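This briefing covers one protein chain, going from its overall make-up to its cores, its largest pocket and a few single residues. Please look through the sequence and the coordinates before reading on.

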Amino acid sequence: MEHRRSGRQNGAEMKATASEAFRQALSPTIGAVHDLADAVSERAERHGHQPSASSRAMEEIASEATFAARSGGWKEPIRDTHSFGGMTLTAAADFARSFAVLIDADSTPVYGHLVVARSVFDACVVAEWLNDPKADVTERVRRGLCEQLYSAMELLRLRLEENAAERNAAERRDYWKARAASLGWTVKVSNNKPVIDGTRRPSVPSGIAELLVGDGEARIGRTQWSYLSSVSHVTWFGLRQAITSPAPSPGLGPGLVTYGTTSSSVRAQALCVLIALRKAADARFVLMGWADEDWRAACARAQQHELALMQAYQQGKA
């Protein structure tokens, strides 16, 4: 059964009744997102934030002294990159939990959860890229260097630090460029992002498609990213999808329409959030040697709910 939480209600009692029915309908999905986000967040603490002795991450750390010496000043290139991967995954889990909290709130969001969903995908794409256990150690260092240089370039481009501090930002940018040169890598800039010997931050639309269906060229990545971006940027074609009656037109104001959030649209986004977070986290935990039985059980629970959501969608019952 489809449930709608409208943004236009008559009276506080009706609002409370509609919100409670909406939350109850989505309770299993809210619970599944919370469960997975909590399982992701607990993993690093359970393992003391350290890779296991037999992990791919520990093998990479054994090579760190060589890269540090070649870089001419970057003391912990591999550990730093591992840390970046951990922080981006932490952000992804935090965003996913926030998505669930918004849906479970007394006042159901019309657009807020979609903005947070976009942040989930951003973080998952970068986290999976940084933590990819199939990347070799040289590529891992390049990806970490991309993050260092990109951050320095953004501080300078956005002029977030003024006067003397701005000069320091330029020095940081030049410092990381020099580390690349010491390692024998060329640095180019494309769309305000560094490209180090061909390595650059992944395209978010392609990354979403890769996480969701294993094909970076699949249309779903561009569709998801474009839709969520249109909401985040308050573009009309994104906002108008929440309007249900009458048919939207540029001349209609909020007082003349019914708008709201449907349970089917929330479940569709939740499905994508579950898949993206699970796969991004799995990359991290395989790299760090944390993909233990508890994590596999958490993945199985998430996948079970993902399957239920997909089957409901295919049967038109989402």
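A residue is called buried when its relative accessible area is under 20%, exposed when that area is over 50%, and partly exposed in between. By that rule, buried residues make up 46% of the 318 residues in the protein chain. The model is a predicted one. The protein chain has 12 helices and five strands.

**Overall make-up**

- Counting contacts between residues at least 6 apart in sequence, 69% join residues at least 24 apart.
- The number of disulfides in the structure is zero.
- Two of the cysteines can be placed by accessibility: Cys-146 is buried because its relative accessibility of 1% is under 20%, and Cys-299 is buried because its value of 5% is under 20%.

**Nonpolar cores**

- The largest nonpolar core contains 54 residues, and those with the most contacts inside it are Val-40, Leu-89, Phe-121, Cys-124, Leu-277 and Trp-295.
- Two or more residues of this core come from each of the helices H1 (12–46), H4 (77–103), H5 (112–131), H8 (204–213), H9 (219–232), H11 (263–288) and H12 (293–314).
- Helix H11 gives the most to this core, with 14 residues.
- A second, separate core has 19 residues, including Val-141, Leu-145, Leu-183 and Ile-196.

**Phe-121 and Leu-277**

- Beyond its neighbours within four places in sequence, Phe-121 is in contact with Ile-208, Gln-224, Leu-228, Gln-269, Cys-272, Val-273 and Ala-276.
- Leu-277 lies in helix H11, and it is buried because its relative accessible area of 1% is under 20%.
- With neighbours within four places in sequence set aside, the contacts of Leu-277 are Leu-36, Ala-37, Val-40, Leu-89, Ala-92, Ala-93, Ala-96 and Cys-124.
- Val-40, Leu-89 and Cys-124, which Leu-277 contacts, are also among the residues with the most contacts inside the largest core.
- Leu-277 and Ala-123 are 154 residues apart in sequence, and their C-alpha atoms are 8.9 Å apart in space.

**Largest pocket**

- The largest pocket holds about 650 Å³ of space.
- Its lining has 31 residues, of which Ser-264, Ser-265, Ala-268, Gln-269 and Tyr-313 lie nearest the centre of the pocket.
- The elements that give two or more residues to this lining are H5, H8, H9, strand E5 (258–262), H11 and H12.
- H11 supplies the largest share of the lining, eight residues.
- Gln-269, one of the residues nearest the pocket centre, is also in contact with Phe-121.

**Hairpin E2–E3 and positive phi values**

- Strand E2 (residues 187–190) and strand E3 (residues 193–196) run antiparallel and are joined by four bridges.
- Val-187 has Ile-196 of E3 as its bridge partner, and Ile-196 is included in the second core.
- E2 and E3 form a hairpin with two residues between them, and Asn-191 in the turn has a positive phi of about 55°.
- Asn-192 is found in the loop between E2 and E3, and its phi is also positive, near 65°.
- At 41% relative accessibility, Asn-192 counts as partly exposed because that value falls between 20% and 50%.
- Asp-197 lies in the loop between E3 and H8, with a positive phi near 50°.
- Asp-197 is partly exposed because its relative accessibility of 36% falls between 20% and 50%.

**Arg-143 and Trp-290**

- Arg-143 is found in helix H6 (residues 137–157).
- Is Arg-143 buried or exposed? Arg-143 counts as buried because its relative accessibility, 11%, is under 20%.
- Outside the residues up to four places away in sequence, Arg-143 touches Trp-129, Leu-130, Asp-132, Ala-135 and Thr-199.
- Trp-290 is in the loop between H11 and H12, and it is buried because its relative accessible area, 2%, is under 20%.
- Leaving out neighbours within four places in sequence, Trp-290 is in contact with Arg-43, Ala-44, His-47, His-49, Gln-50, Pro-51, Ser-52, Arg-284, Phe-285 and Trp-295.
- Between the C-alpha atoms of Trp-290 and Arg-46 there are 9.1 Å, and along the chain these two are 244 residues apart.

Definitions and conventions
Residues numbered from 1 in each chain as written. Predicted model: local features only at pLDDT ≥ 70, side-chain atom pairs only at ≥ 80, totals over all residues. Heavy atoms only, no water. Disulfide = S-S within 2.5 Å. Buried < 20%, exposed > 50% of the residue type's maximum accessible area, 1.4 Å probe, protein only. Pairing = 2+ DSSP bridges. Core = buried A, V, L, I, M, F, W, Y, C linked by side-chain atoms within 4.5 Å. Contact = heavy atoms within 4.5 Å. 1 Å grid on protein atoms, 1.4 Å probe; cavity = no way out; pocket = protein on both sides within 12 Å on 5 of 7 lines; lining within 4 Å. Points joined across faces, edges and corners; volume = space filled by probe spheres on them.
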